[in-house]
Amino acid sequence: DWLRDWEKERAAFVRRHKEVIRRHPLLLNWAKQRTQWRQSRSLFRFGDGRIVAAGGFKFNTGGADLMGHLATTAVQWVRGAQAWAPLPDMVESRNGVAAVALPDGRAMVIGGSDGRPLASVEVLAADGSGWSALAPMGTARYAPAAAVLPCGKVLVAGGWDNRRRSD
């Protein structure tokens, strides 16, 4: 059973790294609770130390449905915090996205999938107040790569478009 296996892996990690976890609030919070299980989510760090996790496939932890669902939710951890704090939901549920932290404090999630590759792009306001849809990419891309260039533009490359790998 995958849930039991995951619990064993988590417990083993906690045992091996107990001293590091005790000193780091983000890891301590993760070790104590399972509220943010996500696969294929975007995770990115800002220059000020904030960490944001957005979208992904969120596993249900109880009841008959253990399959899970795509998430529109986003959370952030701020240096010195004892727990992840919720952010507003994204406009569209997605997993397998590319994500970048922009120099002006905004965050961008790009492409991904909601069952089919997405061309959509969303940006989180610098104050964390909400997500806005931007103009879509010319090609839908699941699991692309993205980087902020020195000029401030965002380069997106690779991924899958349901027929072939995108270049």
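**A four-stranded sheet and a separate hairpin**

Gln76 has Ala85, a residue of E7, as its bridge partner. This pair is a handy place to enter the structure, which is a predicted model. Gln76 itself belongs to strand E6, and E6, covering residues 74-77, pairs with E7 in the antiparallel sense over three bridges. With a relative accessible area of 16%, Gln76 falls under the 20% limit and is therefore counted as buried. Its surroundings can be listed too: apart from neighbours within four places in sequence, Gln76 is in contact with Arg50, Ile51, Val52, Ala83, Trp84, Ala85 and Leu87.

Stepping back to the whole chain, the protein contains three helices and 13 strands. Of its 167 residues, 37% are buried. The protein exposes about 9600 Å², and carbon and sulfur atoms supply 54% of that area. Among contacts with a separation of 6 or more, 42% are made by residues 24 or more positions apart.

The pair E6 and E7 is part of an open sheet of four strands, arranged in the order E2-E3-E6-E7 with antiparallel pairing. The edges are taken by strand E2 (42-45) and strand E7 (85-87); each has a single partner strand, so one side of each is left without a neighbour in the sheet. On average, neighbouring strands of this sheet are turned by 25° against each other, direction ignored.

From the E2 edge, the sheet can be followed strand by strand. E2 and E3 run antiparallel and are joined by four bridges; here Phe44 stands opposite Val52 in E3. The two strands form a hairpin with five residues between them, and Gly49 in the turn has a positive phi of about 100°. A charge and a ring also meet in this part of the chain: the charged end of Arg50 sits over the ring of Phe46, 3.8 Å from the ring centre. As for rings paired with each other, the structure holds zero aromatic pairs.

What covers the faces of strand E3 can be read from its residues, 51-54. Ile51 and Ala53 lie on one side, Val52 and Ala54 on the other, and all of them are buried, leaving both faces covered. Next in the sheet order comes E6, which runs antiparallel to E3 and is joined to it by four bridges. Ala54 has Ala74 in E6 as its bridge partner. Two of the E3 residues, Ile51 and Val52, are also among the contacts of Gln76.

Just ahead of E6, the loop between strand E5 (69-70) and E6 holds Ala71. The relative accessibility of Ala71 is 2%, so this loop residue counts as buried. In sequence, Ala71 and Ser93 are 22 residues apart, while in space their C-alpha atoms are 5.2 Å apart.

Another hairpin is found further along the chain. Strand E10 (residues 121-124) and strand E11 (residues 131-134) pair in the antiparallel sense over four bridges. Within this pairing, Glu122 has Ala133 in E11 as its bridge partner. Six residues separate the strands of this hairpin, and Gly128 takes a positive phi near 75°.

Note on methods:
Residues are numbered from 1 along each chain as its sequence is written. This is a predicted model: local features need pLDDT of at least 70, side-chain atom pairs count only at pLDDT 80 or more; totals for chains, interfaces and linings use all residues. Side-chain values use heavy atoms; hydrogens and water are left out. Buried means under 20% relative accessible area, exposed over 50%, partly exposed in between (1.4 Å probe, protein chains only). Contact means heavy atoms within 4.5 Å. Accessible areas come from the Shrake-Rupley method with a 1.4 Å probe; for residues, only the protein chains shown count as cover. Two strands pair if DSSP finds at least two bridges between them. Axes are lines fitted to C-alpha atoms, for helices over the stretch in contact, and angles run from 0 to 180 degrees between N-to-C directions. Rings of Phe, Tyr and Trp (its six-membered ring) pair if their centres lie within 6.5 Å; planes under 30 degrees apart count as stacked, over 60 as edge-to-face and the rest as tilted. A charge sits over a ring if NZ of Lys or CZ of Arg is within 6 Å of the ring centre and within 35 degrees of the ring normal.
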